[in-house]
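Visitor: Please take one part of this structure and go through it closely. I would like to know where it sits, what it touches and how the surrounding pieces are arranged.

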Amino acid sequence: MLSFVAIAAPFVLQKHAAAQAPADWRLTSKGADWPGFTAKFDKIETSGTLILQDANRGGLLIANGDRAKAGYLPGSTFKIPNTMIALQTGAAKDLDQEIFKYSGRPFLVEGKPFLPKACEADINLETAFKNSCVPVYQELARRIGAEAYKDWLTKFDYGNADVGGPLDSFWLDGALRISAIEQVKFLRRLVMKTLGVSPRANALTEQAMFIEKIGETSIHGKSGWVYSQSPATGWWIGFAQRGEDVVLIALNMDMPKREHAEARYRLVKEALSEAGVV
């Protein structure tokens with residue numbers, strides 16, 4: 001089990017701007033502006049923000065700090081707290097044994113199938129998480145209920161914790177809002193095991209988040225696509241772990257073009273590479 005140091009790491013940017021990821025970013029609890037990375041969003045003709053934070057030491061990098069403070073619908077990044085709440089409350093039994101039945105009707109956005117083909121089958125929770133299978137999480141939402149959501153999101157200090165709107169889609173088109181800064185704060189509590197859920201619920205959620213291993217670094221995360229707004233909002237949040245070092249990640253960007261969806265994880269890996277994490 002990792003040993004984390006609980007330190008204060010205020011999201012305050014330094015007066016001077018670093019042109020690229022500073023070599024000592026892990027050692028400072030102050031924020032460092034990262035305009036060199038902000039330019040990457042400009043290059044693909046969109047606007048976005050990206051945060052990296054050392055979970056142990058508090059070192060912080062922010063590209064586009066103003067946007068990092070703004071609240072957005074979380075989209076499928078909400079599957080992280082949603083999975084944890086479902087496992088904690090018993091709304092979901094496990095990741096792999098319980099099977100959610102496919103209704104036979106594909107999930108449509110603007111009249112067209114939106115989700116991966118993997119969602120058009122009887123699947124377990126882990127498959128639903130990795131493929132953003134909305135109908136499975138809509139079923140879980142009906143099992144969990146608004147009162148339990150409000151209680152747990154308040155305990156998590158998750159954005160505005162507002163579950164107003166349709167119970168089975170408030171994270172997609174309701175009143176819930178969270179900023180990139182708040183996403184990182186939530187992730188920090190997740191990796192430090194201080195969210196108040198059981199060790200099992202925490203561990204299984206981290207298991208569902210695993211994406212790949214690059215060298216000695218394991219990448220965990222979840223993408224999000226908020227299609228109910230124009231332009232669509234894209235997310236990628238998670239953490240990179242190498243030994244006892246854990247780097248928290250939150251990316252948020254406008255996605256006026258469909259190809260921007262593929263850029264989310266690519267930009268995250270570029271950030272991790274430039275900062276020497278992978």
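Guide: Start at Lys193, which is found in the loop between H8 and H9. The model is a predicted one. In it, phi of Lys193 is near 60 degrees, a positive value in a residue other than glycine. Is Lys193 buried, partly exposed or exposed? Its relative accessible area is 43%. Buried means under 20% and exposed means over 50%, so Lys193 counts as partly exposed.

Ser132 also has a positive phi without being glycine, in this case near 55 degrees. Ser132 lies in the loop between H4 and H5. With a relative accessible area of 14%, Ser132 is buried.

From the loop that holds Lys193, go on to helix H9, residues 199–209. Which residues of H9 are buried? They are Ala201, Asn202, Leu204, Thr205, Glu206, Ala208 and Met209. An α-helix has 3.6 residues a turn, so residues three or four places apart point the same way. With that rule in mind, look along the list: Ala201, Leu204, Thr205 and Ala208 are among the buried residues of H9.

What covers these buried residues? The cover includes three helices, H3, H4 (125–130) and H8, as well as strands E7 (210–214), E8 (217–226) and E9 (232–242). Two of these strands, E8 and E9, are joined by a loop in which Pro231 has its place. The peptide bond leading from Ser230 to Pro231 is cis, with omega near 0 degrees.

Now take one of the covering helices, H3, and see how it meets H9. Two packed helices are described by the angle between their axes and the distance between the axes. For H3 (residues 79–89) and H9, the axes come within 9 Å and cross at roughly 140 degrees. A pair counts as roughly antiparallel only over 145 degrees, and H3 and H9 are therefore oblique to each other. H3 passes H9 in a right-handed crossing. On the H3 side, the contact is made by Ile80, Thr83, Met84, Leu87 and Gln88. On the H9 side, Arg200, Ala201, Asn202, Leu204, Thr205 and Met209 take part.

H3 has another partner, helix H6 (residues 146–156). The axes of H3 and H6 are 11 Å apart, and the angle between them is about 120 degrees. Roughly perpendicular pairs have angles of 65 to 115 degrees, so this pair falls outside that range and H3 and H6 are oblique to each other. Their crossing is right-handed. From H3, the residues in contact are Pro81, Asn82, Met84, Ile85, Gln88 and Thr89; from H6, they are Tyr149, Trp152, Leu153 and Phe156. Met84 and Gln88 of H3 appear in the contact with H9 and again in the contact with H6.

Leu153 of H6 deserves a separate look. Its contacts, leaving aside neighbours within four places in sequence, are Phe78, Pro81, Ile85, Tyr158, Ala161, Val163, Phe170 and Leu176. Of these, Pro81 and Ile85 are among the H3 residues that meet H6.

In soluble globular proteins, nonpolar side chains tend to be buried together. Here the largest nonpolar core has 66 residues. Those with the most contacts inside it are Leu153, along with Tyr149, Phe156, Trp171 and Leu190. Which helix gives the most to this core? It is H8 (residues 180–191), with seven residues. Another core, of 26 residues, lies apart from it and includes Leu50, Leu61, Ala275 and Val277.

H8 brings the path back to where it began, since Lys193 is in the loop that follows between H8 and H9. One more residue belongs to this side of the account. Lys69, in the loop between helix H2 (65–68) and H3, has its C-alpha atom 8.0 Å from that of Glu182, although the two are 113 residues apart along the chain. Lys69 is in contact with Ser179 and Ile181, neighbours within four places in sequence left aside. Its relative accessible area is 57%, so Lys69 is exposed.

Definitions and conventions
Residues numbered from 1 in each chain as written. Predicted model: local features only at pLDDT ≥ 70, side-chain atom pairs only at ≥ 80, totals over all residues. Heavy atoms only, no water. Core = buried A, V, L, I, M, F, W, Y, C linked by side-chain atoms within 4.5 Å. Buried < 20%, exposed > 50% of the residue type's maximum accessible area, 1.4 Å probe, protein only. Helix = DSSP H or I, 4+ residues; strand = E, 2+ residues; numbered from the N terminus. Contact = heavy atoms within 4.5 Å. Axes fitted to C-alpha atoms, helices over the stretch in contact; angles between N-to-C directions. Parallel < 35°, antiparallel > 145°, perpendicular 65-115°, else oblique. Left-handed = near helix turned anticlockwise from the far one by under 90°.
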